[in-house]
Structure formats: C-alpha cells, structure tokens
Amino acid sequence: MEPRTRLERQARPGSMLLNMGPSHPAMHGTVRIMLELDAEKILNAEVEVGYLHRGFEKTCENRSYFNLLIYTDRLNYVSPLINNLGYVMTMEKMLGVAAPERAQLIRVLMSELSRVSDHLTCLAAMAMESGAFTVFLYMMKARESLWDVIEFTTGARMTTSYIRIGGVRSDLHPEWRGALSKAVGETRKVLKDVSGLLDKNPIFLGRTRGVGTISTEDALSYGWTGPCLRSTGIAYDVRKAHPYLVYDRLAFDVPVGESGDNYDRYGVRMREMEQSLRILEQVAALLPDAPPLPAGPAIEPEEAVRRSRTERTRDPVRLSPNLDGSEKARLPGLACQDLPVAVPAKEDAYTTMEGLIGHFLFFMAGKGIRPPKGDVYFSVEGGNGELGFYIVSDGSDKPYRLHLRAPCFHIVSALEQLIRGRLIADVIPTFGSMNMIGGELDR
Amino acid sequence: MGPEGLIDALRARLGEAVEGVADSFGDPVLLIRPQDVRAVMSALREAPFDYAILLDLTCVDFAAAEGRFELVYHLYSLSRNVRLRLKASVPAERPSVETVAGLWKNAEWLEREAFDMFGVRFEGHPYLRRILTYEGFEGHPLRKSYPWRLEQPRVPLKDGS
C-alpha cells in the first residue's frame, strides 16, 4: 500500500518507525507523534492532531450568539473563563458596547485565576511526566483552592459560562474575599515549594536545560505567542501590547526567558503566576463589596405573575437559587443594560408585560443579539498565548463564520522541529512544556 | 508609520496587487488580488512593514451568494505593534491560491486546516493533507454546502489488523 504520511515516504532504510500516541500514558491529551528512530535517537518526526476535533466552528455557525457561549468553555478546558472572555469581548467590539467597571474588575479577577490554574496544570503535568509526582500533587492542591473561588461564584469548576456578552452573569459570592486570600496564600506557598523542588534539581535540569530549544526567529515564524514566545526573550503579552479591560491600570511585569528551552518555559510560567497573584490582590483591593439587596419579604414567582395581571407589584420577587447574584438591583453593575445585549432582569419578566416581551425578544430565534454586518478580530491573552476570535456577521442572530485562533495550534506545529535529532525521552518534557490542550488545538 | 501612512506605503510598494482598503470595526483591512498573495506576503514580511508573525489564516465561504471563497490572513508586526487583515477572493468552483508556506513556518499547518475544512488548494504547498479530520473523510465540513449533521462512511480496518 502507498504510504500515507511524509514520514513513511521519507523513512531511511533500516530505521524504525514508532507511534507515540494517540493515547500514551506519558502524554496528556490525545495526539499522535510518529517517530523515525535510530535506536533512541529521533531521526524524523511527524505530529498528527485532530483526535479531539468536534466541529466547534461548524456548531457555532448553527447556534445563536448567546447560545454558543457554552461551547467556548470546552476549548481550553483548564481556563474556560478566558475563552468566555475572548469570545465575549469580540462580540462587544462588534456591538460597540462595554461592560460596567465592576464587571470588568470581576473579569480580570476570573482571567487571572484561570491563568494561574492553567499554568499550574501545565507545569504539574510536565513535572509528573518527568518523574516529579510530588510537584503534581502540590500544584493540583493549589489549583483546587483557586477553583474553589471560581466555583463559589460561577457554580462550576470548568464549564463556567460565566462571562457573558455585556458583562458577567452574576455578582461574586459573598464569601469570595476569604476564599481568594486563602487561595492566593496557598498558591504562593506551593510555588515556593515547587521552586525549591525543581529549580536546582539535577534530574529536572537534565531533562529541561538545553532541551527543546527554539530560537526567537523560529518562535516568531511558527506564530508562537504567550509564555512559550516569552521564554525566547520577547516580551509580547496581549495584556500589555493591546490592553483590554482594566489591565492598563494594574501593575504587573512580563517575565521573559533567555534561551527558549524547556527550562525557560517552566521558569516563565512560574514567574507569571506570581505576577497573576499580584494582579489578583490589586483587583481584590479595587473591587468594592456588592451593594446590599433591598430587605423585606419576597414573593414567589407564581404569586408575582398572578398579581401582575391586576396590578404593578413593587415587592421583591424570590428568584431561583440558580440566579443568586443576578438580582435586578445588582445587574446595572454587572452587565451593560442596553437591549438586547445582556439577559434582562428576571424580576421584570415575572412582573411586567414589557419585561416579559423583553425576555422573549432576547431568547427567541431570529431575535436577540444581532450585531451589524461585518467581520471582526479580537484577542485576549489566554493561558497559552494570544487567543483570538474572528467572527463574520451577516446581520442575523447566528454567526456566519466563527474562527478561533488557538494559540497551542501554532505552538504544537513546532514540535516536529524541536524533537528532531533528540532522544525519545526528550519528547516528554518538550511536549509537556508546550501545554497542548486538545480542546483548543483540535476545536 | 500611522494607519494612513501605512496604507499609502502599501499601495506604493504593492501597486496593483491591492484591490482596495477597508476599515472593519476599527481594524485595517487590505483586499488583495489572489494571484499576488505570495508576493504581497513576502513584501509585508520584510522592512519597513515587518509583519513577523502570521497570526492566523482562515477562509470564509460565500459560495452560495457570491460564488467565492474569501481567504483571510491576519498579520502582526511586533516592532510596530499593529495587526493587519488581508483578504483574497478565489472562485468557488476551483478555489486555489499560492501557498505562503516557506515565508512563515506555521503556514504549513494553517493551510492544511483551510484545505481540510474548505477544500482550498494551496499551490506549492509541500504537504497538503487533511489535518483535523482523517484520511478517508468525505467533503469539506466548513463549507456551507456541507450539512451540519452528516454521517461519514466508516473507515475500513487496515490490512492485517
């Protein structure tokens, strides 16, 4: 049979062909690396991706702008909130609206929590795959405490769908300050411990120093962004280069590496987490406490609907616990109130005819969010780098075309070059330091 | 070099390859002739434009209404901190354009994706093969003519397995 892959066609006689993956215990994620080997030495390599392809872009073309938000959770599933943010801010650019100040601060808070958890996951897996299991456990523990803060507010650890077009879904949980300071303290301690375990560890250094080295020119040519690009010495960070939200008002540094090897990618991520923790503390200081809700007895939704037939009721309505934090009194600080950008207040849907009509006009097919015709590109700094959305609108309530610029697609495309000429053992830490996330890579 | 200066400089350098300029929600957009894609890109990569990064490459299907596919390139210049979007329209019957692989290394994968999803041929591409779907997949899923939920034929097992 005619060989299908370039690797098979170019294979030297006498060399051995070996598949690593698509499912391999030492690699996180489903990706197939085909190797042409001379004993342990890699003569040639070819990477095959797409095992997690589920038609994200096609699906989005068949969903309304509001409904497709949930699919963005499943891109980089370690930092879903940043994916939400990237999509939502692209839409806001097209609609010409901006989130209120409080919502912007909450978004920064959520982004940085996600960034730290993303880096923790990447380094934990990388360390575990090179034999440091303790580091994995420590980092997962820190990640849990960060996810506690996220879970308190969004109700989910991963599938958050919390950052919405126009703002955020609900206010922070009343207990968020305590949970945040605990998470920040715990993460700092873990970072210190991990530094102690790995920074000068000869085994770790042997697997990472001078391994998987990429030059600055090659990193740019491969379209690298994020921590991987910064490890080669280029301080490109979307938060600094094209500031969004309130990042221009926050003090943080962009750590860079020197040689672009695995160790630098580890080091940049470690130092970036410290900067993110710094941002978290600044944002916590800037965020005022949520305004208190009007006191008094609340009536049930059925009662409100019944009363609204004869009178205009002014009593507060008891909402479902799912809607905690998105009471009408809180919404102006949380979401842009222009119609139809954000979900209208539920209390109005229960008590007034206009509110009910507004509710239907938001959710009905063919109505709701309909941006003007045109195309737009916007990007945010994701855990892996520049996470960009390109959306083409034809004026209807569904995107004509939605394309994701997945940062790790570009990064993984360089893997073949990085492992060529190295040993099999070098594949593991090199691949680990790239932070390949299948959901984002394969879409 | 401001946005207006850039457009003038581009027109001066690229001549007739530039079919038009546009502004889309504040982003500069350049419409270029499809046969000049590679020449334009290699000019843009060098000084004074210095677009060192190919941020993104994708395609949009306007086949039903306008009979064309639109290739969309996003470039980023690190030294000037600006992005640029370029668009080239190719006929829907036989979509084909010259490759930019060789100018940027990630172009090889990005073009494989556009080929896989839209069936656009990239002339001169060293290894134009499906990337996200598999060998034996029928059709190009992101074309508008491809139904949303189409079942694919089962791939036969390989010999001897």
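What percentage of the 161 residues in chain B is buried? The answer is 40%. Keep in mind that this is a predicted model.

## Chain B at a glance

Chain B has four helices and seven strands. Walk along its sequence and you meet them in the pattern α-β-β-α-β-α-β-β-β-α-β. Along the principal axes, its C-alpha atoms take up a box of roughly 60 × 35 × 25 Å.

As for how the chain contacts itself, take the pairs in chain B at least 6 apart in sequence: 47% of those contacts link residues at least 24 apart.

## The sheet in chain B

Five strands of chain B make an open sheet, ordered S1-S2-S5-S4-S3, and the pairing is mixed. At the edges sit S1 (18–24) and S3 (53–62) of chain B, each with pairing on one side only. On average, neighbouring strands in this sheet are turned by 25 degrees against each other, if you ignore direction.

Part of that order is the S2–S5 pair: S2 (residues 27–32) and S5 (residues 82–91) of chain B run parallel and are joined by three bridges. One detail to look up there is Val29(B), whose bridge partner in S5(B) is Arg85(B). Over at the S3 side, helix H4 (residues 107–118) of chain B lies across S3 and S4 (68–77), and runs at about 10 degrees to S3(B).

## Chain A overall

Now for chain A, with its 20 helices and eight strands. Of its 443 residues, 52% are buried. Its C-alpha atoms fit a box of roughly 90 × 50 × 35 Å along the principal axes. The radius of gyration is 24 Å, which agrees with the value near 22 Å that a compact globule of 443 residues would have.

If you look at contacts in chain A with a separation of 6 or more, 69% of them are between residues 24 or more positions apart.

## The S6–S7 hairpin

Strands S6 and S7 of chain A pair in the antiparallel sense, with eight bridges between them. Within this pair, Ser379(A) stands opposite Gly388(A) in S7(A). Four residues lie between the strands of the hairpin, and Gly385(A) has a positive phi near 140 degrees.

Is S6(A) largely enclosed or largely open? Seven of its eight residues are buried, so S6(A) is largely enclosed by the rest of the structure.

## Where chain A meets chain B

The interface brings 34 residues of chain A into contact with 29 residues of chain B. Several elements of chain A supply at least two residues each to this side, including helices H2 (56–61), H4 (80–95) and H9 (216–221), along with strands S6 (374–381) and S7 (386–393). Strand S8 (401–405) and helix H17 (407–412) of chain A do so as well.

The most comes from S6(A), with four residues. By class, the side of chain A that touches chain B has 13 nonpolar, 11 polar and 10 charged residues.

## A helix pair in chain A

Back inside chain A, helices H5 (residues 101–129) and H19 (residues 424–434) pack with their axes 8 Å apart, at an angle of about 175 degrees. Anything over 145 degrees counts as roughly antiparallel, and H5(A) and H19(A) are therefore roughly antiparallel to each other.

Which residues meet here? From H5(A) come Ala125(A), Met126(A) and Glu129(A), and from H19(A) come Ile428(A), Pro429(A), Gly432(A) and Ser433(A). Sorted by class, this contact has four nonpolar, two polar and one charged residues.

Key. Residues numbered from 1 in each chain as written. Chains lettered and ligands numbered in written order. Predicted model: local features only at pLDDT ≥ 70, side-chain atom pairs only at ≥ 80, totals over all residues. Axes fitted to C-alpha atoms, helices over the stretch in contact; angles between N-to-C directions. Parallel < 35°, antiparallel > 145°, perpendicular 65-115°, else oblique. Contact = placed C-beta atoms within 7 Å. Nonpolar A, V, L, I, M, F, W, Y, C, P; charged D, E, K, R; others polar. Rg over C-alpha atoms; globule rule 2.2 N^0.38 Å. Buried ≥ 20, exposed ≤ 12 C-beta atoms within 10 Å, placed from the backbone. Pairing = 2+ DSSP bridges.
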